[in-house]
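Trainee: I would like to learn how to read a protein structure with two chains. Could we go through one together?

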2 protein chains.
Amino acid sequence: MENSKRTVTCGELTAADVGKNVVLNGWVSRSRDLGGLCFISLRDRYGITQVVVGDKASDDVKKTAASLKSEYCIAVKGVVAARSEKDVNKDMATGAIEVEAEEIEIFTTSQELPFSIEEVRQKDGTVVLANEDLRLKYRYLDLRRAPMQHNIILRSQVAFAVREYLTSKGFLEIETPTFIKSTPEGARDYLVPSRVHPGKFYSLPQSPQLYKQLLMVSGFDKYFQIARCYRDEDARGDRQPEFTQIDMEMSFTNREEVLTTTEGMMQYVFKKTLNYELPAKFDRISWDDAFDYYGSDKPDLRFDLKMQDAAFMAGLSDFGAFKAGAANADKSIERHKRSGLKALVVKNVADKYSRKMIEALEDVAKRNHAKGLAWMKVNAEGTFEGGISKFYAGKESEICSKLGAEKNDLLLFVSDEKWQVACVALGAVRKQLGKDLNLYNPEDEFHFAWIIDFPYFAWNEEENHWETEHHMFTLPQKKYWDTLESDPGAVKGDLYDLVLNGYELASGSMRINDPALQQRIFKIVGYSNERAEKAFGFLVQAFKFGAPPHGGIAPGLDRLIMLMCHEDSIHEVIAFPKNNLAASPMDECPSAVDEQQLKDLHINCYDVEE
Amino acid sequence: MENSKRTVTCGELTAADVGKNVVLNGWVSRSRDLGGLCFISLRDRYGITQVVVGDKASDDVKKTAASLKSEYCIAVKGVVAARSEKDVNKDMATGAIEVEAEEIEIFTTSQELPFSIEEVRQKDGTVVLANEDLRLKYRYLDLRRAPMQHNIILRSQVAFAVREYLTSKGFLEIETPTFIKSTPEGARDYLVPSRVHPGKFYSLPQSPQLYKQLLMVSGFDKYFQIARCYRDEDARGDRQPEFTQIDMEMSFTNREEVLTTTEGMMQYVFKKTLNYELPAKFDRISWDDAFDYYGSDKPDLRFDLKMQDAAFMAGLSDFGAFKAGAANADKSIERHKRSGLKALVVKNVADKYSRKMIEALEDVAKRNHAKGLAWMKVNAEGTFEGGISKFYAGKESEICSKLGAEKNDLLLFVSDEKWQVACVALGAVRKQLGKDLNLYNPEDEFHFAWIIDFPYFAWNEEENHWETEHHMFTLPQKKYWDTLESDPGAVKGDLYDLVLNGYELASGSMRINDPALQQRIFKIVGYSNERAEKAFGFLVQAFKFGAPPHGGIAPGLDRLIMLMCHEDSIHEVIAFPKNNLAASPMDECPSAVDEQQLKDLHINCYDVEE
């Protein structure tokens with residue numbers, strides 16, 4: 001072909017283009033030879049166009065057309081023609097036309113494929129994919145599949161929308177180093193041996209945390225970076241050796257401003273990329289309430305179903321298992337003034353729930369560390385039935401009134417002397433019910449919420465000392481500054497998590513900018529000056545030169561896109577992910593390297609796999 | 001202070017704001033106590049505002065003001081007042097007003113600084129900075145300096161403008177992995193030991209080359225990524241262990257489209273960020289011409305001064321040194337039909353150039369491998385004088401007419417039997433003259449050009465075989481496909497470099513998409529199938545499934561910003577660079593790590609520095 005470069009893409013021709021001479025480039029998605037008449041579905045990133053090889057084509061062109069196989073990469077020169085009315089395909093952007101081929105050039109042929117690029121739907125509507133290692137080995141083909149194209153394109157659009165929004169708000173994108181110092185806190189750091197400095201290592205950042213705080217000390221005021229981060233954890237569905245976060249930090253700010261900026265960003269991104277309207281404000285739920293109502297600090301709020309306190313029930317019978325939960329035996333309960341006897345009222349399902357189904361829920365509770373799951377039903381007569389009903393005969397009206405239970409409701413209970421254990425276990429049952437009963441509000445495809453007022457310190461039972469729940473630069477809430485040392489357990493941090501549909505999407509905090517306050521925190525968690533110096537010396541040093549009040553947040557991009565795409569794994573939204581062994585079946589990475597390379601780096605390996 | 005969060009920045013108040021109550025946050029840039037009246041220059045990223053502590057201030061506030069030192073981080077609450085006419089500072093955006101302080105809160109104090117944040121200009125106008133390691137140790141303070149703020153902010157603006165332009169043209173930003181396979185070609189790869197796979201390593205990418213080509217195989221059509229890359233070279237002023245490139249790749253394209261897309265991007269970026277109009281088209285100069293005229297494949301075109309072929313002069317006298325250069329002894333000369341006797345005519349400077357100054361130029365030529373620098377002057381009478389003039393007495397009119405020389409011109413010559421050696425040496429003299437005589441066209445602050453038609457292969461004299469000048473996926477120009485094997489030295493590649501002001505800014509090429517052609521290249525450079533398989537197996541494999549015609553380019557972001565900022569080193573445009581030993585004096589990275597960390601990675605170190 002004289003000039004085989006496309007003049008149009010495979011996604012743009014419509015009835016308005018009929019009669020035009022065009023050149024298309026793309027891949028053969030399907031090719032059907034009907035004896036003298038050949039139909040080719042030609043695909044590129046932008047769509048599919050039907051090519052017809054018929055009367056206008058020379059014998060040579062017909063011969064070429066007949067030789068085409070799936071995924072050949074070709075150019076087609078031809079004329080746009082209207083399809084006959086019965087052949088118009090309204091589900092296709094280009095469904096009104098076809099291109100009558102005059103010339104065909106095969107750029108490159110294709111071997112037989114290891115799996116199909118087209119979706120093969122089963123009778124039940126599901127799509128069965130090749131196993132993941134095969135998909136990853138031929139990732140370049142897997143990425144030709146329409147859902148992967150969608151996910152990767154959406155990811156690109158989201159990243160750009162994030163940048164548009166933040167740039168419009170005065171944020172600067174500043175690149176921070178990925179060769180940083182390994183800290184003694186750096187379990188799970190990836191290390192890079194230095195050639196120039198034998199025995200020394202760079203570390204890859206788990207986040208740009210220290211550097212973005214230094215940028216605040218430098219006065220850049222509003223920073224962001226879509227930053228690659230690294231953590232050497234065993235890979236799971238939502239963990240990768242390298243991951244990407246939307247890293248943000250602001251100076252002269254407060255929690256409210258960080259939260260509203262993040263809300264504004266998400267609103268802009270969802271509107272621009274999915275045309276989805278998020279609410280003007282996201283819910284703000286205290287950490288205490290999140291556990292108390294939903295049994296999780298990342299509750300799925302697409303359905304309501306709140307847990308309730310059922311401590312009053314302990315006094316209504318001599319059912320032993322409820323006594324401990326109601327007894328406020330745990331100091332954490334005392335602090336929260338909430339009991340370890342939690343109830344769920346599941347509306348109007350009592351007649352549907354068999355003993356076996358309830359046992360399945362009990363399994364969920366037990367896997368989440370409950371001793372058991374107590375239950376009873378409100379039957380059609382308004383009396384209790386099954387499970388623990390015999391202990392509460394005659395107390396129906398008090399219990400139903402207090403818990404808001406009605407006929408045909410299923411009542412579920414977990415009791416534990418520890419408030420948080422009871423909450424988490426029954427919260428897991430709540431989550432399971434959401435799935436089983438499909439309780440999700442269809443209007444509420446994406447439900448964001450803020451979890452705020454986190455405990456600042458946690459008691460490390462094994463090592464017998466306080467440690468910080470988040471990192472050590474988090475600002476304790478001001479009202480606790482006088483009692484940091486005297487009552488660490490009561491201190492709340494200026495911390496906030498952003499959750500979406502039951503996933504933690506971001507964690508952030510206001511930071512300490514006062515060196516004296518920072519020293520107090522180091523002391524409470526048992527950090528010697530020396531250890532603090534070794535770990536964070538340069539940040540501590542920087543804060544001696546006038547550090548502004550500042551705070552930030554870092555939404556995870558991989559997980560955000562995963563949720564926006566309704567995928568279950570971040571593997572589906574990363575172009576070239578590693579598998580669950582942190583390896584790439586495509587390029588066989590990691591791999592052994594030459595002796596000389598190791599020698600240059602002054603290192604030896606041992607325990608080497610054969 | 002009740003609410004110390006700023007209501008305005010330090011860069012925005014004007015006469016229109018007089019009378020307003022405001023809160024400012026920032027750093028004390030200067031503070032002058034004139035006894036009862038105190039002036040504070042308060043600085044943030046956006047500007048400087050003058051704060052006056054006078055009558056309206058309480059004694060407490062006066063006392064606080066008097067205690068302020070440089071770089072204290074503070075909040076000021078006050079009222080905007082007009083400055084008296086004589087105090088208006090027209091050089092300052094906020095120079096029409098001052099803020100009369102009513103309250104001051106010190107957020108944080110500052111220790112004495114290791115160096116001044118304000119520019120300290122010498123009498124000759126130069127600014128003397130602290131030595132680089134001190135600047136890097138306190139980088140967070142160095143970044144407070146106005147030039148560093150400017151550079152980092154411009155960098156952020158340029159990166160965003162790049163993304164705007166490419167996104168508007170349908171490019172997708174796709175993240176490629178930074179944990180990739182180390183190839184046998186990977187001298188200078190940084191390696192990351194795997195914890196999960198003992199004895200195996202990830203490699204950090206020197207560029208996303210293979211992955212962006214795979215994305216073309218996947219059909220993403222137009223890819224870009226502002227990508228972090230890694231190369232373990234000894235650091236110099238313009239080299240860093242990690243650097244950033246604007247990585248681009250396009251499918252179904254040709255050289256022209258890659259070039260015009262890149263031109264469009266640069267035009268957009270320069271206009272948007274510097275309000276600088278680049279020409280609609282950049283010069284396109286063949287590699288042969290670039291050496292022949294400018295002695296470099298990255299010529300500085302801000303001044304013209306072309307070198308000329310002076311082979312004709314060898315026949316005009318018996319001056320021996322010119323014979324070899326004119327003799328076309330070198331096979332490369334034969335190919336280029338150009339001689340190794342090169343001349344520069346430097347206009348109207350003969351009377352200014354002493355013998356000593358010419359000797360300095362000869363040093364430049366010799367450092368660039370010339371045997372010497374021949375010269376003569378055209379004097380006021382139009383005859384030759386000095387240097388080699390005695391060999392050419394009486395030939396003035398022929399020589400001057402052919403070289404375009406006139407009275408008071410200085411003629412410089414390098415002769416070498418190798419054309420390229422002569423070009424490079426005299427080209428270095430040309431560059432030096434540009435600086436010495438300030439020949440730069442003031443209208444031409446940024447002069448881009450394309451260097452095209454590169455030789456595809458180079459003969460490796462040491463190892464006695466052909467190798468590719470660029471990488472092995474570069475497409476040879478089509479007209480040479482039949483003679484690849486028979487005359488490799490003549491083959492030109494579909495290669496292009498973008499140069500700016502004498503720096504190579506980008507390198508790119510059209511790629512091979514035909515597996516058979518790729519095999520021929522591997523064979524010519526002596527790659528066994530095995531070696532090619534081991535090095536690039538997955539790319540070669542991918543190309544068996546219908547690879548589209550594609551090509552790309554990758555402008556270096558660090559160097560682009562360096563040139564846009566008129567800086568000499570990329571250190572000045574990177575927030576946290578490494579020094580010339582690839583180390584960071586701030587965080588003392590690289591550093592020794594815990595024994596346990598090495599154990600987890602199954603490695604030992606030796607040759608360890610104490």
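Trainee: How many salt bridges does a search of the whole structure find over all chains?

Mentor: Good place to begin! Keep in mind that this is a predicted model. The general idea is that side chains of opposite charge can pair when their charged atoms come close. In this case, searching the whole structure over all chains gives 86 salt bridges.

Trainee: Which residue forms a salt bridge with E249(A)?

Mentor: That partner is K212(A), and the closest N and O atoms of the pair are 3.4 Å apart. Now look at where the two residues sit: E249(A) belongs to strand 10 (residues 242-251) of chain A, while K212(A) belongs to helix 5 (residues 209-217) of chain A, so this salt bridge ties together parts 37 residues apart in sequence.

Trainee: How is chain A divided into domains?

Mentor: There are domain 1 (15-108), domain 2 (147-275 + 553-599), domain 3 (304-439) and domain 4 (449-545). Notice that domain 2 is written as two stretches of chain A. To get a feel for the layout, take domain 3 and domain 4 of chain A: their C-alpha centres lie 35 Å apart.

Trainee: Now for the pair of chains. By what turn and shift can chain A be laid on chain B?

Mentor: In general, two copies of a chain are related by a rotation about an axis and a shift along it. Here a turn of 180 degrees with a shift of 0.0 Å along the axis lays chain A on chain B, with an RMSD of 0.1 Å. That is the relation of a two-fold axis.

Trainee: Why do the copies meet through the same surface?

Mentor: Because 100% of the interface residues of chain A are also interface residues in chain B. In terms of contacts, 124 residues of chain A touch 124 residues of chain B.

Trainee: What area do chain A and chain B bury between them?

Mentor: About 11200 Å², with 57% of it on carbon and sulfur atoms. E175(A), F252(A) and F545(A) supply 7% of the area that chain A buries against chain B, more than any other three residues.

Trainee: How many salt bridges are there across the interface of chain A and chain B?

Mentor: The rule finds 12 there. One of the salt bridges between the chains joins the side chains of R155(A) and E175(B), at 2.7 Å from N to O. As for the elements involved, helix 4 (residues 146-168) gives the most to the side of chain A that touches chain B, with 10 residues. That side of chain A has 60 nonpolar, 31 polar and 33 charged residues.

Conventions: Residues are numbered from 1 along each chain as its sequence is written. Chains are lettered from A and ligands numbered from 1 in the order in which they are written. This is a predicted model: local features need pLDDT of at least 70, side-chain atom pairs count only at pLDDT 80 or more; totals for chains, interfaces and linings use all residues. Side-chain values use heavy atoms; hydrogens and water are left out. Copies are superposed by least squares on the C-alpha atoms of residues with pLDDT of at least 70 in both. Contact means heavy atoms within 4.5 Å. Domain bounds come from an automatic or database domain assignment. Buried area is the accessible area (1.4 Å probe) that two parts lose on being put together, summed over both. A salt bridge is a side-chain nitrogen of Lys or Arg within 4 Å of a carboxyl oxygen of Asp or Glu. Helices (H or I, at least four residues) and strands (E, at least two) are DSSP runs, numbered from the N terminus. Ala, Val, Leu, Ile, Met, Phe, Trp, Tyr, Cys and Pro count as nonpolar, Asp, Glu, Lys and Arg as charged, and the others, Gly among them, as polar.
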